[in-house]
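Here are my notes for you on this protein. Keep the viewer open and find each residue as you read.

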Amino acid sequence: MTAIINASTSAGITQTGDNSGVLAIQSAGTTVATFNSSGVNAGIQVVSNAAPAFSAYQSSSQSISSGTWTKVTCQTKEFDTNTNYDNTTNYRFTPTVAGYYQCSFGADLKGTTSNRLIGVFYKNGSWFKSGSGAFNGAASTEFESTGSALIYCNGSTDYVELYANSSSGTGTVYASTGYITYINGVMVRGA
């Protein structure tokens with residue numbers, strides 16, 4: 001058992017302990033920080049309700065041109081716990097807490113002469129991590145690219161965006177339902 005200090009608004013401070021070398025700080029029974037002072041892995045892990053998390057999806061179709069890297073405009077937020085995703089102007093995630101973020105995306109395309117779609121994460125305006133590539137030779141076919149990456153953000157200037165590229169004809173569009181074209185992210189560890 002881990003040693004626990006539990007600070008609750010209704011019960012004051014409760015302390016329990018053992019000899020494990022790990023101390024957990026709790027608020028109303030929820031662990032908000034863990035301290036490990038033993039061995040090579042000594043350090044502090046903070047788990048907080050203030051850790052940024054967001055999910056947004058594309059709610060209206062978007063045209064792209066063949067062979068052009070285009071920012072995907074996910075306009076509708078499902079949630080944004082720290083108001084770090086811009087869904088009206090830049091369509092980017094700029095977390096204000098430094099740390100490591102697990103980000104995911106899905107991008108759906110229906111093309112006129114579709115044969116390829118690839119989605120990628122851009123970090124600070126440059127290609128950073130690639131998603132899957134979807135290939136199909138049939139016209140008017142819908143297909144999807146997905147991806148996931150662990151991305152470090154410095155908490156001030158770093159930002160993450162979703163871009164996509166198609167080798168199909170001009171005028172292809174992304175499908176506009178919440179489960180098809182989306183981007184999301186959550187802080188998994190502080191800096």
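1. Start with the side chain of Ser145, where a polar atom sits 2.4 Å from the backbone oxygen of Ser132. Please keep in mind that you are looking at a predicted model. A polar atom of the Ser145 side chain also lies 2.9 Å from the backbone nitrogen of Gly119. Ser145 belongs to strand β15, and its relative accessible area is 0%, so Ser145 counts as buried.

2. Which residues does Ser145 touch, leaving aside those up to four places away in sequence? They are Phe105, Gly106, Ala107, Leu117, Ile118, Gly119, Gly131 and Ser132. Gly119 is worth a second look, since it comes back when we follow the strand pairing: its bridge partner in β16 is Ala164.

3. Now for β16 itself, which covers residues 160-166. Are its residues buried or exposed? In this strand, 7 of 7 residues are buried. One side carries Val160, Leu162, Ala164 and Ser166, the other carries Glu161, Tyr163 and Asn165, and both faces are covered.

4. Next, look at what pairs with β16. Strand β13 (residues 117-123) runs antiparallel to β16, and 7 bridges join the two. Strand β8 (residues 70-71) is also antiparallel to β16, with 2 bridges. Within that pairing, Lys71 has Tyr163 as its bridge partner.

5. Just after β16 comes Ser167, in the loop that leads to β17 (172-174). With a relative accessible area of 30%, Ser167 is partly exposed. Try finding Leu117 from here: the two residues are 50 apart in sequence, yet their C-alpha atoms are 6.9 Å apart in space.

6. Lys123 may surprise you. This lysine is part of strand β13 and is buried, with a relative accessible area of 17%. Where does its side chain go? The Lys123 side chain reaches the backbone oxygen of Tyr152, at 2.7 Å. Beyond residues up to four places away in sequence, Lys123 touches Phe128, Ile151, Tyr152, Asp158 and Tyr159.

7. Asn124 lies in the loop between β13 and β14 (126-134). Its phi is positive, at about 55°, although Asn124 is not a glycine. Most residues other than glycine have a negative phi. Asn124 is partly exposed, at 34% relative accessible area.

8. Thr83 makes a good companion to that point. Thr83 too has a positive phi, of about 50°, and is not a glycine. You will find Thr83 in the loop between β9 (76-80) and β10 (85-86). Thr83 is exposed, with a relative accessible area of 64%.

9. Let us turn to the nonpolar core. The largest one has 24 residues, and those touching the most other members are Cys74, Tyr85, Tyr101, Phe121, Ile151 and Ile183. The elements giving two or more residues to this core are β6 (53-57), β12 (99-110), β13, β15 (142-153), β16 and β18 (182-190). Take Tyr85 as an example: setting aside residues up to four places away in sequence, Tyr85 touches Phe54, Ala56, Cys74, Lys77, Asp80, Tyr91, Arg92, Phe93 and Ile183.

10. What about the cysteines? A disulfide is a covalent bond between the sulfur atoms of two cysteines. How many disulfides does the structure hold? The count is 0. Cys103 is in no disulfide, and the nearest cysteine sulfur, in Cys153, is 6.5 Å away. Why is there no bond between Cys153 and Cys103? Their sulfurs are 6.5 Å apart, which is too far for a bond, because a disulfide needs the two sulfur atoms within 2.5 Å. Cys103 is buried at 2% relative accessible area, and Cys153 is buried at 0%.

11. Finally, step back to the whole protein. There are 18 strands and 0 helices. Of the 191 residues, 40% are buried. Counting contacts between residues at least 6 apart in sequence, 60% join residues at least 24 apart. The accessible surface is about 9,400 Å², and carbon and sulfur atoms account for 51% of it.

Terms used:
Residues are numbered from 1 along each chain as its sequence is written. This is a predicted model: local features need pLDDT of at least 70, side-chain atom pairs count only at pLDDT 80 or more; totals for chains, interfaces and linings use all residues. Side-chain values use heavy atoms; hydrogens and water are left out. Helices (H or I, at least four residues) and strands (E, at least two) are DSSP runs, numbered from the N terminus. Buried means under 20% relative accessible area, exposed over 50%, partly exposed in between (1.4 Å probe, protein chains only). Contact means heavy atoms within 4.5 Å. Accessible areas come from the Shrake-Rupley method with a 1.4 Å probe; for residues, only the protein chains shown count as cover. Two strands pair if DSSP finds at least two bridges between them. A nonpolar core is a set of buried Ala, Val, Leu, Ile, Met, Phe, Trp, Tyr and Cys residues joined through side-chain atoms within 4.5 Å. A polar contact is a pair of N or O atoms within 3.5 Å; within protein, one must be able to donate a hydrogen and the other to accept it, and residues adjacent in sequence count only if both atoms are side-chain atoms.
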